[in-house]
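Q: I am new to this structure and would like a close look at a single part of it, taken step by step. Please explain each term where it is first needed, and go slowly enough that I can follow along in the model.

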Amino acid sequence: MLAEGAAPDNECVSSGAAMGTTGAVSGTTGPQVASRSHPRHHVPVIRSSSRGVKIVVTFLLVALFFATQGVMVRVSRGLPIDWQWDVMHEFLYWLIWAAFTPLILTAAQRWPVSGDTGWKSVARHLGLMAIVAPVQISITYLAHFALLRAFGVLPVELSGAWLEARVTGVVWGTFTGSLYYWMIAAVYWAAEFQRLYRAERLQAAQLEASLADARLNALRAQLQPHFLFNTLNAVSVLTVEDPPRAKQMVLRLSELLRASMDVGDDRHEVPLSAELELLQAYLGIQRARFGERLQIRLEIEPSATAALVPTLLLQPLVENAIRHGLEGSENGGAITVSARRNGDELVIEVRDDGRGLVTDAAGAREGVGLANSKERLARLYGDHQYLVLRTHPEGGVVVELVLPFHTA
Amino acid sequence: MRVLIVDDEPLARRGLRHELERVPGIEIAGECANGREAVLAIVESNPDLVLLDVQMPGWSGFDVIERVGVEAMPAVIFVTAYDKHAVRAFEVHAVDYLLKPVDPERFRDAMDRAASRIDSLDPQRRAGRLDRVLRDAPATRAGVPLDRVVVREQGKLFFVETAAIDWVEAAGNYVRLHVGTRSHLMRGPLTRLAGRFEAGRFVQIRRSALVNIRAITSLERYGKASYAILLRSGKTLISSRYYGPRLRELLGS
């Protein structure tokens with residue numbers, strides 16, 4: 001059938017407008033038009049089994065509508081019902097449109113008129129329309145003719161004169177048919193836009209939810225409840241023992257809390273120097289809690305301090321190191337934080353002198369904090385970053401972090 | 001009432017000390033900064049009550065109880081900053097706990113309750129509660145097998161190295177640890193103790209007896225499926241027929 005044979009194959013689409021129009025008549029791509037999806041638009045039109053039924057039913061309803069219109073007009077004029085033209089012809093006409101519809105839908109799917117190449121698509125559609133419309137109306141008359149001859153039920157002479165009289169009908173029908181071509185395509189686009197709109201709204205909702213989750217997780221990972229409540233406990237003891245120190249601790253804690261509010265917002269980067277100040281606030285709290293047991297060394301190259309880093313990036317890494325460093329020996333532990341510039345990279349290391357990865361399964365060690373840091377880095381810098389955990393040759397564990405060196 | 005303070009943070013320990021000093025009739029038995037110290041201190045000073053921090057580096061509060069054993073463990077008030085699972089377990093099993101920062105009012109209530117419970121609560125019931133908390137509460141425990149157990153005898157606590165135990169005998173609600181010529185009674189079922197030893201160190205030879213494999217000097221067939229087991233202490237034990245095959249399997253491997 002022409003409806004199937006006219007389907008352009010994938011090459012036609014990618015190789016230009018001219019191919020699209022000529023391919024439409026000469027192509028013989030076979031009947032799998034509906035099920036094949038375009039490489040650029042992966043959305044199948046509708047599932048083909050239910051699609052055929054839907055199309056036929058729709059056009060039968062349209063035919064019924066117009067047949068009723070014709071009949072009612074005749075009845076209103078007091079004329080007898082014209083079964084041949086008002087009923088049979090209408091049904092034939094619309095069912096043949098139904099047969100062309102898969103082709104038009106496929107064309108509408110492959111050549112979307114929106115976007116940068118919209119004008120090319122419009123040209124292709126005009127070409128296809130110029131073929132479909134006259135062919136459709138001609139087929140309608142041929143089928144009409146064949147049907148009359150086969151059954152001969154209705155009083156009409158089947159002659160050359162009859163066909164000649166249809167030429168006006170073909171011209172007329174070509175123009176109305178051109179309009180219908182666009183209407184069928186427009187129905188597809190409308191449905192498609194609605195589908196896209198719904199999918200986008202769903203996606204937006206999901207994205208928002210996952211973003212909120214990420215923020216919450218970030219906050220939780222950055223400032224663990226255990227840390228928070230132990231700090232508050234320390235503060236409550238200090239309010240009696242040493243009010244000035246209690247006040248200092250509250251100030252440090254609020255500094256951390258304030259910074260942690262920006263954690264979910266990944267565009268929020270701060271210079272390393274500011275991040276180190278924040279780290280000092282954190283370490284000040286931890287030193288107050290753990291006393292002599294906690295030793296901290298900072299080895300920061302001056303050239304690295306201007307580099308931008310995500311806020312509260314270091315704190316969970318240091319927290320992890322403290323937890324495992326202190327765990328190693330109950331007498332305490334030493335943490336070393338170093339940062340340097342290496343060409344266009346910023347290299348940060350956080351090292352503890354705990355038991356290392358030997359007694360701790362690496363999986364257990366890489367807790368929420370590290371997974372969270374990794375996720376944040378990936379979101380921010382894509383492939384231009386990495387975070388690794390390894391055993392230091394002199395004992396303990398090093399977290400090495402590399403990200404692109406950039407400044408404000 | 002003698003109270004032991006266990007918390008890894010010096011400030012937190014001081015805070016508990018301040019609160020304790022305000023309660024009349026309290027003697028502070030000591031302060032411990034980690035689980036290891038706590039186990040030693042519990043055995044050495046045998047306090048009436050332990051204020052036990054749940055989350056500590058190394059051994060957690062639960063590890064401490066596991067090491068001491070729920071039977072030998074004095075009364076406990078858990079102290080935790082944030083641990084939803086543990087708190088749920090405390091609630092469910094009616095074990096007292098305090099949240100950090102410590103509310104002085106709640107602290108005094110808990111102390112009052114502890115004081116009255118120490119006099120009234122049957123040690124067996126207390127052990128049962130602790131045991132259920134250990135079972136329900138969190139996976140924060142190190143779960144390392146016991147290298148020594150704590151035994152309470154005539155109000156005193158002391159360690160028995162598991163390697164020194166020749167065999168363990170079930171005796172009603174107790175187990176009897178046989179160490180050379182001496183023996184010690186411990187509360188609790190044999191199965192619980194068996195579960196705390198390192199796998200492959202002890203073997204069950206009867207429903208009511210567990211033998212330290214290293215304490216076995218020789219083994220002789222005794223009837224159809226039983227064995228006569230000679231221990232290093234000179235004692236001979238007879239395995240039951242049911243446990244015979246298991247015994248052979250374990251010794252063969």
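A: A good place to enter is strand β12 of chain B, where Leu210(B) is the bridge partner of Gln204(B). This is a predicted model, in which local features need pLDDT of at least 70 and side-chain atom pairs count only at pLDDT 80 or more, while totals for chains, interfaces and linings use all residues. Residues are numbered from 1 along each chain as its sequence is written, chains are lettered from A and ligands numbered from 1 in the order in which they are written, and side-chain values use heavy atoms, with hydrogens and water left out.

Strands here are DSSP runs of E with at least two residues, helices are runs of H or I with at least four, and both are numbered from the N terminus; two strands pair if DSSP finds at least two bridges between them. Four bridges join β11(B) to β12(B), the two running antiparallel, and this pair forms a hairpin with two residues between its strands. Strand β12 of chain B covers residues 209-212 and is also joined by three bridges to β8 of chain B, residues 167-171, again antiparallel. One of the residues at this second seam is Glu169(B), whose bridge partner in β12(B) is Ala209(B).

Stepping back, these strands belong to an open, antiparallel sheet of five strands in chain B, in the order β10-β9-β8-β12-β11. Its edges are β10 (182-187) and β11 (202-206) of chain B, each of which pairs on one side only. From one strand to the next the twist averages 25°, with axes taken as lines fitted to C-alpha atoms and angles running from 0 to 180 degrees between N-to-C directions.

Within β9 of chain B, residues 174-179, lies His178(B). The side chain of His178(B) makes a polar contact at 2.9 Å with the side chain of Glu169(B); such a contact is a pair of N or O atoms within 3.5 Å, where within protein one must be able to donate a hydrogen and the other to accept it, and residues adjacent in sequence count only if both atoms are side-chain atoms. His178(B) counts as buried because its relative accessible area is 15%; buried means under 20%, exposed over 50%, and partly exposed in between, using a 1.4 Å probe and protein chains only.

Chain B also holds a parallel, open sheet of five strands, ordered β2-β1-β3-β4-β5. The edge strands are β2 and β5 of chain B, each pairing on one side only, and neighbouring strands of this sheet are turned by 20° against each other on average, direction ignored. Five bridges join β3(B) to β4 of chain B, residues 75-80, in a parallel run, and Asp53(B) stands opposite Val79(B) in β4(B).

Asp53(B) leads on to the charged pairs. A salt bridge is a side-chain nitrogen of Lys or Arg within 4 Å of a carboxyl oxygen of Asp or Glu, and the whole structure has 18 of them over all chains. In one, the side chains of Asp53(B) and Lys100(B) meet at 3.4 Å, N to O. That pair links distant parts of the chain, 47 residues apart, with Asp53(B) in β3 (residues 49-53) and Lys100(B) in the loop between β5 (97-99) and α5 (104-120) of chain B. Asp53(B) is buried, at 2% relative accessible area, and Lys100(B) counts as buried at 3%.

Two further salt bridges involve strand β2 of chain B. The side chains of Glu27(B) and Arg2(B) meet at 3.7 Å, N to O, and they link distant parts of the chain, with Glu27(B) in β2 (residues 27-32) and Arg2(B) in β1 (residues 2-6) of chain B, 25 residues apart. Glu27(B) is partly exposed at 44% relative accessible area, and Arg2(B) is partly exposed at 24%. The side chains of Arg17(B) and Glu31(B) meet at 2.4 Å, N to O; this pair ties Arg17(B) in helix α1 (residues 10-21) to Glu31(B) in β2 of chain B, 14 residues apart. Arg17(B) counts as partly exposed at 29% relative accessibility, as does Glu31(B) at 30%.
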